[in-house]
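Visitor: I should like a close look at a single part of this model. Please describe one helix, together with what surrounds that part.

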Amino acid sequence: MSEFQIGQKASVKAVMSDEAVREFARISGDNNPLHLSDAYAEGTRFGKRIAHGILVSGQISRVIGTILPGEGTVYLSQSLHFKRPVYVGDTVTAEVEIAAMDNEKQRMKLKTTVLNEAGECVLSGEAIVIPPVHGES
């Protein structure tokens, strides 16, 4: 774990497109009309369709599994606190920051955040992971 340090960060941007929302609904079976029907969503507190929260949080997994700590990382836990809606078509930025490391147990605590286009936090949480062993793929 010597290649990592507390405070190290990584992020990705993604559009929560209509196509992504519909594909997630198909794969997950979550066909809630709040995500899929403009007519239904217009009558809700949100006024328009929102992306599935777990689809949005999947961008955190994308960072963890591909950038920081990267390929070979094993998820142990993830807390999620949904703060604001993400509307279909919004661009989000998922950020991961190393908050703590336990070299003895080979564990890492990560601060996880997703921001909307305005820089507002839409999701926050914390992940516990086993980072990859250097040289392991």
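Guide: The following account treats helix α4, its surroundings and two of its residues. The model is predicted, so local features need pLDDT of at least 70 and side-chain atom pairs count only at pLDDT 80 or more, while totals for chains, interfaces and linings use all residues. Residues are numbered from 1 along each chain as its sequence is written, and side-chain values use heavy atoms, with hydrogens and water left out.

Helices (H or I, at least four residues) and strands (E, at least two) are DSSP runs, numbered from the N terminus. Helix α4 covers residues 53-66. Its 14 residues should span 20 Å at 1.5 Å a residue, and the end C-alpha atoms lie 21 Å apart, which agrees; the expected span is 1.5 Å times one less than the number of residues.

The buried residues of α4 are Leu55, Val56, Ser57, Gln59, Ile60, Val63 and Ile64. Buried means under 20% relative accessible area, exposed over 50%, and partly exposed in between (1.4 Å probe, protein chains only). Among the elements covering these residues are α1 (18-28), β1 (9-15) and β4 (107-115).

The strands form an open sheet of five, in the order β1-β3-β4-β5-β2, with antiparallel pairing; two strands pair if DSSP finds at least two bridges between them. β1 and β2 stand at the edges with a single partner strand each, so one side of each has no neighbour in the sheet. Helix α4 packs on this sheet and touches β1, β2, β3, β4 and β5, its direction making about 140 degrees with that of β2. Contact means heavy atoms within 4.5 Å; axes are lines fitted to C-alpha atoms, for helices over the stretch in contact, and angles run from 0 to 180 degrees between N-to-C directions.

The largest nonpolar core has 28 residues, and those with the most contacts inside it include Val56, Ile60 and Ile64. Such a core is a set of buried Ala, Val, Leu, Ile, Met, Phe, Trp, Tyr and Cys residues joined through side-chain atoms within 4.5 Å. Its largest share, five residues, comes from α4.

Leaving aside neighbours within four places in sequence, valine 56 is in contact with Met16, Ala51, Val86, Val114 and Leu123. Of these contacts, leucine 123 in β5 is the bridge partner of valine 114.

Glutamine 59 of α4 is buried, with a relative accessible area of 13%. Not counting residues up to four places away in sequence, glutamine 59 touches Val12, Ala14, Met16, Val92 and Ala94. A polar contact of 2.9 Å joins the side chains of glutamine 59 and arginine 62; the term denotes a pair of N or O atoms within 3.5 Å, where within protein one must be able to donate a hydrogen and the other to accept it, and residues adjacent in sequence count only if both atoms are side-chain atoms.
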